[in-house]
Structures are given as C-alpha cells and as structure tokens.
Amino acid sequence: MGKITLKPTENQNYILLGGDFQKVLDLAHKQEAEGEFEAACNTRYKAFQQIVDVLPEEEAAELDFSHPNTRAAIEIIYGSAVDNFLAGDVELSAAQLELLLECDSEDHIEATPQLALCYIALEEWECLEDILPDLGDKSAFRPLVEALAEYACTGDISAEQLTALRRHRHLCEELCATEHTADEKYLKDISSERPTQQALAREIYLRCEPLLLKYEGFANKLK
C-alpha cells in the first residue's frame, strides 16, 4: 500500500496521503462479489490497522471527509467495524466505531446506528442513552433500537414502542419474514441510486441480524 501519512490542512483537520484506500475498497468489494467474504474482511481490517498506526494516540484527529482518499479510509473503518460486529467481536466493533466518530464528528457515514447495536449487544445502556438523540426521529432505526433495547432488558416490548416501530411497515414485514437473502436482486436494488423501501428494510435487518438471532422472540412480538 505504500507509506501512509497524516497531513494537517488549513481547515484544521487532516487528510491521509498514501495507501490508495479507494483501491482497497474496490478490492474488498470485488472479493465479496466473488464470494470471498473472509478475504474481504481481512482486506479491510489490514487497511484499518495501517490507518490506526498513523493516527495520534493522545487526541482525536478530525479527518477531512471531502478528500477522496481520506473518505475511502473512513469507509474502510466503518466496513471493518460492521465485519467484526457480524463476526461476533462486538467490543472491537464498538471501539472501531467510537474511533471513527472521533475522527468524523459529523458522522457523514452514519456510524452511530451501528454503534447503537454494539451497545445493545454489550448491554452498555448508559452509552446507548447518550447516542439515542443522534439517531434522529424520522428513520426506522431509532424505534428499532429502542424496541430491541427494551426487549433485551425486559423480554417484552411496550405498546408505545410497538406502535412507533409498526409505523415502519416495510421494516416490520422484513423482521417477520422467514428469509432475508442478500441475493443478486437485493444487491442490485440496494446499490442503485434510489433503493426500494423493501431493500432498505432488508439492509437494516442484515445489519441487526446477530441481535435478532440472539433475541429470537423479538420478531414474534411484532406479529
């Protein structure tokens, strides 16, 4: 990948030079398309380690999302965090996402929802409470996170939480479905400029799948 350096800018943030991180992203996507999922995860994680090596240890370094190579590096950190969450290494995933939010305080890539899932899995309820306002009020993710957290704590979902979640019909249908395949039709849909509501709902399910499998009675509460 060549030498990677962190360079300050006149905008009081930093850019990453070297590494050709867009090429790394393209390689990982190619590996996934060929069914080499473990190789794709390793590609992202190796790049993540190289990125971390140049970040300062004592203070956060705000990265410039408008810089293409730096933006690709941010996407790699996020992708690797998702890999680790799905693989069951939730603590590492949470640490990666927390680092990412330190480096991208405006959360251009929307890492906060994934971090919320980590906090549920880790039962870090105070940390979850702190970031709930950052999930927004209009997306389906916040009512899902709140309902999942309540179910994880109590084994039940309140009528209020059920009502909020059921407003997102496509997501509820996906949560209650028996199959959630990431087939070619779905991949084409979700990567298009205007994904369907069904594809967006499946994307959320796939991001949450380890938790939904852990709390297998959750979906039954929606039926």
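**Entry 1: backbone**

I began with Gln-12, which I located in the loop between strand S1 (5–8) and strand S2 (14–17). The model I am reading is predicted. I looked up phi of Gln-12 and found a value near 60°, positive although the residue is not glycine. I then checked the accessibility of Gln-12: its relative accessible area is 74%, so I entered the residue as exposed.

I next turned to Asp-20, which I placed in the loop between S2 and H1. Phi of Asp-20 is near 45°, again a positive value in a residue other than glycine. I entered Asp-20 as partly exposed because its relative accessibility is 44%, and that class runs between 20% and 50%.

**Entry 2: aromatic pairs**

I asked how many aromatic pairs the structure holds. The count is three, and I examined two pairs that involve Tyr-151.

I noted that Tyr-151 and Tyr-215 pair edge-to-face, with 6.2 Å from centre to centre and 80° between the planes. I traced both partners along the chain: Tyr-151 belongs to helix H7 (residues 141–154), while Tyr-215 sits in the segment after H11. The two are 64 residues apart, and the pair thus links distant parts of the chain. Are these two tyrosines buried or exposed? I recorded Tyr-151 as buried because its relative accessibility is 14%, and Tyr-215 as buried because its relative accessible area is 11%; the limit for this class is under 20%.

I then looked up Tyr-151 with Phe-218, a pair that is also edge-to-face, at 5.9 Å centre to centre and 80° between the planes. This pair, too, links distant parts of the chain, with Tyr-151 in helix H7 and Phe-218 in the segment after H11, 67 residues apart. Phe-218 has 0% relative accessibility, so I listed this residue as buried. I entered Tyr-151, Tyr-215 and Phe-218 together as one aromatic cluster.

**Entry 3: nonpolar core**

I followed Phe-218 into the largest nonpolar core, where this residue is among those with the most contacts. The core has 63 residues, and the others in that group are Phe-21, Leu-144, Val-145, Leu-165, Leu-175. I asked which element gives the largest share of this core. The answer is H3, with nine residues.

I chose Leu-144 for a closer look and set aside its neighbours within four places in sequence. Leu-144 is in contact with Leu-165, Leu-171, Leu-175, Ile-204, Cys-208 and Phe-218.

**Entry 4: largest pocket**

I looked up the largest pocket last and noted about 1,800 Å³ of space in it. The lining has 40 residues, and those nearest the centre of the pocket are Val-82, Tyr-186, Ile-190, Glu-203 and Arg-207. I listed the elements that give two or more residues to this lining: helix H1 (21–33), helix H2 (37–54), helix H3 (68–87), helix H9 (169–176), helix H10 (184–190) and helix H11 (197–214). H11 provides the largest share of the lining, eight residues.

I closed with the character of the lining residues, which I recorded as 22 nonpolar, seven polar and eleven charged.

How values were computed. Residues are numbered from 1 along each chain as its sequence is written. This is a predicted model: local features need pLDDT of at least 70, side-chain atom pairs count only at pLDDT 80 or more; totals for chains, interfaces and linings use all residues. Side-chain values use heavy atoms; hydrogens and water are left out. On a 1 Å grid over the protein atoms alone, a cavity is a set of points where a 1.4 Å probe fits but cannot get out, and a pocket is an open set with protein on both sides within 12 Å along at least five of seven lines; lining residues have an atom within 4 Å of a point. Grid points are joined across faces, edges and corners, and a volume is the space filled by probe spheres set on the points. Helices (H or I, at least four residues) and strands (E, at least two) are DSSP runs, numbered from the N terminus. Ala, Val, Leu, Ile, Met, Phe, Trp, Tyr, Cys and Pro count as nonpolar, Asp, Glu, Lys and Arg as charged, and the others, Gly among them, as polar. A nonpolar core is a set of buried Ala, Val, Leu, Ile, Met, Phe, Trp, Tyr and Cys residues joined through side-chain atoms within 4.5 Å. Buried means under 20% relative accessible area, exposed over 50%, partly exposed in between (1.4 Å probe, protein chains only). Contact means heavy atoms within 4.5 Å. Rings of Phe, Tyr and Trp (its six-membered ring) pair if their centres lie within 6.5 Å; planes under 30 degrees apart count as stacked, over 60 as edge-to-face and the rest as tilted.
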